[in-house]
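Reader: Could you take me through the aromatic pairs in this one, ring by ring? I'd love a close look at how they sit, and then a word on whatever surrounds them.

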Amino acid sequence: MGFFALSALAFAKVSILSPLPLPEATVEVGRAAKKGWVVYQVRPGDTLAGIAARYGVDPKHIMWSSGLKDDRLQVGQRLQIPLVAAEERPPRVPPGVKAYRVRPGDTLASVAQRFGLTPLELVSANPSLESLDRLVAGSVLYIPKEAKGLVVALPEGETLVDLAQRFGLSPVRVAQANGVENPAELRPGDLVLLPGIQARTTYQRLLAKQEAERQARLEAERRRQEELRRLAEERRRQQALAQQRTRQVQQAQTQRPQVRRVSYQEGAMRWPLSGFRITTYFGQRGAFQRYHTGIDLAAPYGTPVVAAKAGQVQVAGWSAFGYGFHVVLDHGGGVETLYAHLSRMAVRAGDWVEAGEVIGYVGSTGWSTGPHLHFEVRVNGVVRNPLAYLP
Ligand SMILES: [Zn+2]
């Protein structure tokens, strides 16, 4: 003879569709309560599975609620049947667990320290963490305040009892740690604290991952430093090349002998040609001389050659010493100028010429490899650098 004993508070508005043929068994009530029990007295022929199916609950929940050791029933025995709340609600968090919202700058270590946990304890409460280093600000970490253990979401199709057994824990202890009076309260997705269970493997995996990431960072840093060194080396090499080029240019420039300019009074002169290119400087080794006694000014054949300074023509003729047709002007005070390799001469010995007056034309007579004027300045019979006298 079965009957319903309704838990007065919980079932004030629950409609229980009883499979039993008792008219008074149907109580019209409104919406579902969150939790409650039905006390059911076992009738002949009842099985635990059958009763559980009738109430849409897990047989293990009935066993747990009713303190059964196995599924054997005795007629007249009273069973407590935990009812499943049908209402939608957010996943349940065990009362001993606090949800902490990650703030910017938080690290797993700093959060663990703040709540007096070891990193392992914190990881155990958050076994789905992907990294020990990267905490996402705004995400939630579960902080076990009392019992420490593994916090997992109840898998679909599993009960608190299943979960407890899977981890070798007493369902009663798990229920206590989670503040659960009725194991049917829990639904898939609800968080369950499994006291004393540590996510050591997860923690070690995360530690290994952290170490791998650290190594990867070190490796990336090493590569970056190497690249910086390579770039610095390349820069040094380029600078050395540039310096070498600068030195070469400077050397080329200093091959021109340093000229100490004489004052105008000492004998300033004008260029004997108006258009030319200096091909050999004074003192340089030339094609025919170990020491060049003047400067060579390259100019087209026939370019007029003018007196560098006023004076008297001392020589205008052929040289036996390589000058070819040449003119020597005496400017007085021991100063002479010489114009060599002329194609022809426009003055004769003894003529007086003004500065700028044409005295001959560019040629390549004597020891010469092409049309140019060899110009010399002599002071008291000693050759001087003509550039010192020229503008
Ligand atoms: Zn010369």
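Author: Searching the whole structure, which is a predicted model, turns up five aromatic pairs. Happily, two of them can be described in some detail. A pair of aromatic rings is described by the distance of the centres and the angle of the planes.

Take Phe282 and Tyr291 to begin with: their rings are 5.6 Å apart centre to centre, and with 80 degrees between the planes the pair is edge-to-face. The two partners differ in exposure, because Phe282 has a relative accessible area of 9%, under the 20% cut-off for buried, while Tyr291, at 46%, counts as partly exposed.

The other pair to look at is Tyr339 with Phe375, which is tilted, with 5.2 Å between the centres and 50 degrees between the planes. Tyr339 belongs to strand E13 (residues 335-345) and Phe375 to strand E16 (residues 372-379), so this pair ties together parts that are 36 residues apart in sequence. Both Tyr339 and Phe375 are buried.

Strand E13 has something else for you to check. His341 also lies in this strand, and its phi is positive, about 65 degrees, although it is not a glycine. Most residues other than glycine have a negative phi. His341 is buried, with a relative accessible area of 5%. A second residue of this kind is Asn380, which has a positive phi of about 50 degrees and is not a glycine either. Asn380 sits in the loop between E16 and strand E17 (382-384). Its relative accessibility is 60%, so Asn380 counts as exposed.

Since you will probably want to set up the metal as well, here is the zinc site. The protein donors of the zinc ion are His292 through NE2, Asp296 through OD and His374 through ND1, at 1.9 to 2.4 Å from the ion. Along the sequence, these donor residues follow the spacing H-x3-D-x77-H. His292 is buried, with a relative accessible area of 2%, and Asp296 is buried too, at 10%.

One last stop, away from the rings, is a helix contact. The axes of helix H1 (residues 48-55) and helix H2 (residues 59-66) come within 8 Å and cross at roughly 105 degrees. That angle makes H1 roughly perpendicular to H2. On the H1 side, Leu48, Ile51 and Ala52 meet Pro59, Ile62 and Met63 of H2. The residues of this contact comprise six nonpolar, no polar and no charged.

Conventions
Residues numbered from 1 in each chain as written. Predicted model: local features only at pLDDT ≥ 70, side-chain atom pairs only at ≥ 80, totals over all residues. Heavy atoms only, no water. Axes fitted to C-alpha atoms, helices over the stretch in contact; angles between N-to-C directions. Helix = DSSP H or I, 4+ residues; strand = E, 2+ residues; numbered from the N terminus. Parallel < 35°, antiparallel > 145°, perpendicular 65-115°, else oblique. Contact = heavy atoms within 4.5 Å. Nonpolar A, V, L, I, M, F, W, Y, C, P; charged D, E, K, R; others polar. Donors = N, O, S within 2.8 Å, 3.2 Å for Na, K, Ca; no water. Buried < 20%, exposed > 50% of the residue type's maximum accessible area, 1.4 Å probe, protein only. Phe/Tyr/Trp six-rings, centres within 6.5 Å; stacked < 30°, edge-to-face > 60°.
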